[in-house]
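Dear colleague,

I am passing on the structure we spoke about, and below it you will find my notes on what came out of going through it. Please read them with the model open beside you.

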Amino acid sequence: MNQKFLTGQAVILAAGQSSRFWPLNSKHKSLIKIMGRSLIWYTVQGLKRAGIKEIIIIQSSEQEIRKELEESKLQGLKISYVIQKKPLGMGNALWQLRNLLKGKFLVLDVGRVDVAEIIKGVKPKFKTVLFGRETNNPQLFGMAKLKGDRILEIIEKPKKGKEPSNIKIVGVYLLEQKFFEAYNKVKKHQYDFEDALSAYMKKNDVKMVILGKTKQGIHSLKYPWHLFDIERYLFDKYLKPRISRSTRIAKDVTIKGKVYIGKNVQIFENAVIKGPCYIGDNSIIGNNSIVREYSNLENNALVGALAEVARCILQEDVHIHSGYFGDSIFGRGCRVGAGTITANVRLDRKKIKTVVKGKKIETNLKSLGVIIGENAH
């Protein structure tokens, strides 16, 4: 990428209430862990790989994200934190930073762990760029009205049959200072950022970069089930096979594929681990249990005897016992009794819908089990 672009700044938006992420929103959604690291850590590292060294993070007054990143002791980055006291939207958050930003700057959602790939190849002559990708569910997103490679307008959650295109806006924007002139003139409300962008587009040449097929599987972190795509991306890109020397493995245990096993893990007789899988420190895998493809078990997990875990995400200190757990997410500290079976496929094999904030939402998944908040028993 061009060095002039790389020396700019990036703004990570992380002040929202994560209300659509219920029941995993007792803390900010970016603090969910995959392979022992929070999602915000992966996003920051992605910016660093792209050559961006100055990052401003907008967070809530709880400052959970600052605490997380300071504990991670990231090197070679200048990270500043700004508090948005009230969740008044993305535009209001950026307006607070207008005097801190210089020239071109990147704005991204907190869960864009793939940001380095998204912005790769942006032409240095472009002053303002939006990124998009195809979607089959335009009613859920801001959709782009296009003319060639130029974006003319963003239509928020269009009604069926009124879609301007099949390209939804991905949560990454390359902007310049002139954007604030447009923002200053629009009526202020929760979605005034999109209004300001549309006003800016009418007077300026804003390019649309449509992401290719290799980048279409990664969602912005909007709903809990988007974690599955993000986990798969991180596993495929970063998971390295390793078995710690302190791991205790009993007789007749089978370990196949790309598997990471942390410190002081105990794996009992006849257990089967089929990668890609991640098993964190101090975890226990019981007799005759199976942990298989794309399962992420954070530290202190317990999978009891005669359990099968497939494509699941377990946060720290989750204990489950005999039964079947498929395509499910368990928040930190969950306890699940023996004999539990999660139904993860509809009888008619159609795509699964769920209710979010009182509205039925299409997940676009054919396999989805349970999503359980932290400390549930």
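A polar contact of 2.6 Å joins the side chains of Arg 292 and Glu 293, and a second one, of 2.7 Å, links the side chain of Arg 292 with that of Glu 308. Please keep in mind throughout that this is a predicted model. Arg 292 itself belongs to strand β20, which covers residues 290-292. If residues up to four places away in sequence are set aside, Arg 292 touches Lys 274, Cys 277, Glu 308, Val 309, Ala 310, Arg 311 and Tyr 324. One of these deserves a separate remark, since Arg 311, although 19 residues from Arg 292 in sequence, has its C-alpha 6.8 Å from the C-alpha of Arg 292.

Elsewhere in the chain there is an open sheet of 6 strands, arranged in the order β13-β16-β19-β22-β25-β28 with parallel pairing. The edges are held by β13 (248-249) and β28 (335-336), each of which has a single partner strand, so that one side of each is left without a neighbour in the sheet. The partner of β13 is β16 (residues 266-267), to which it is joined by 2 bridges in a parallel arrangement, and Arg 248 stands opposite Gln 266 in β16.

Turning to the N-terminal strands, which part of β1 is buried? For strand β1 (residues 9-14) the count is 6 of the 6 residues, and the strand is therefore largely enclosed by the rest of the structure. Gln 9, Val 11 and Leu 13 point one way from β1, whereas Ala 10, Ile 12 and Ala 14 point the other way, and the residues of both sets are buried. Strand β1 runs parallel to β6 (residues 105-109), with 5 bridges between them, and the bridge partner of Gln 9 in β6 is Phe 105. Strand β1 also runs parallel to β4 (residues 54-59), here with 6 bridges, and Ala 10 has Ile 55 as its bridge partner in β4.

Strand β4 also contains Gln 59, a residue that is buried, with a relative accessible area of 1%. The side chain of Gln 59 reaches the backbone nitrogen of Arg 66 at 3.2 Å. Leaving aside neighbours within four places in sequence, the residues in contact with Gln 59 include Ala 14 and Ala 15, as well as Tyr 81, Val 82, Ile 83 and Gln 84.

As for the nonpolar interior, the largest core has 63 residues, and those with the most contacts inside it are Ile 12, Leu 47, Leu 106, Ile 119, Phe 131, Leu 227 and Leu 234. A second core, separate from the largest one, has 33 residues, among them Ile 154, Ile 169, Ala 182 and Leu 197. In soluble globular proteins, nonpolar side chains tend to be buried together. Within the largest core, Leu 234 is one of the residues with the most contacts, and, not counting residues up to four places away in sequence, Leu 234 touches Ile 34, Met 35, Leu 39, Tyr 42, Val 113 and Leu 239.

Two of those partners, Leu 39 and Tyr 42, are among the buried residues of helix α2. Helix α2 (residues 39-49) is mostly covered, in that 9 of its 11 residues are buried. The helix is followed by Gly 51, whose phi is positive, near 95 degrees.

Finally, a search of the whole structure for ring pairs finds 13 aromatic pairs. In one of them, Tyr 173 and Phe 193 meet edge-to-face, at 5.0 Å centre to centre and with 80 degrees between the planes. This pair links distant parts of the chain, as Tyr 173 is in strand β10 (residues 167-175) and Phe 193 in helix α7 (residues 192-203), 20 residues apart. Both Tyr 173 and Phe 193 are buried, and both belong to one aromatic cluster that also takes in Trp 95, Phe 105, Phe 179, Phe 180 and Tyr 183. The ring of Tyr 183 has, in addition, the charged end of Lys 188 sitting over it, 4.8 Å from its centre. A comparable arrangement involves Phe 141, where the charged end of Lys 168 sits over the ring, 3.7 Å from its centre.

With best wishes

Technical notes:
Residues numbered from 1 in each chain as written. Predicted model: local features only at pLDDT ≥ 70, side-chain atom pairs only at ≥ 80, totals over all residues. Heavy atoms only, no water. Core = buried A, V, L, I, M, F, W, Y, C linked by side-chain atoms within 4.5 Å. Buried < 20%, exposed > 50% of the residue type's maximum accessible area, 1.4 Å probe, protein only. Contact = heavy atoms within 4.5 Å. Helix = DSSP H or I, 4+ residues; strand = E, 2+ residues; numbered from the N terminus. Pairing = 2+ DSSP bridges. Polar contact = N/O pair within 3.5 Å; in protein donor to acceptor, adjacent residues only side chain to side chain. Phe/Tyr/Trp six-rings, centres within 6.5 Å; stacked < 30°, edge-to-face > 60°. Lys NZ or Arg CZ within 6 Å of the ring centre and 35° of its normal.
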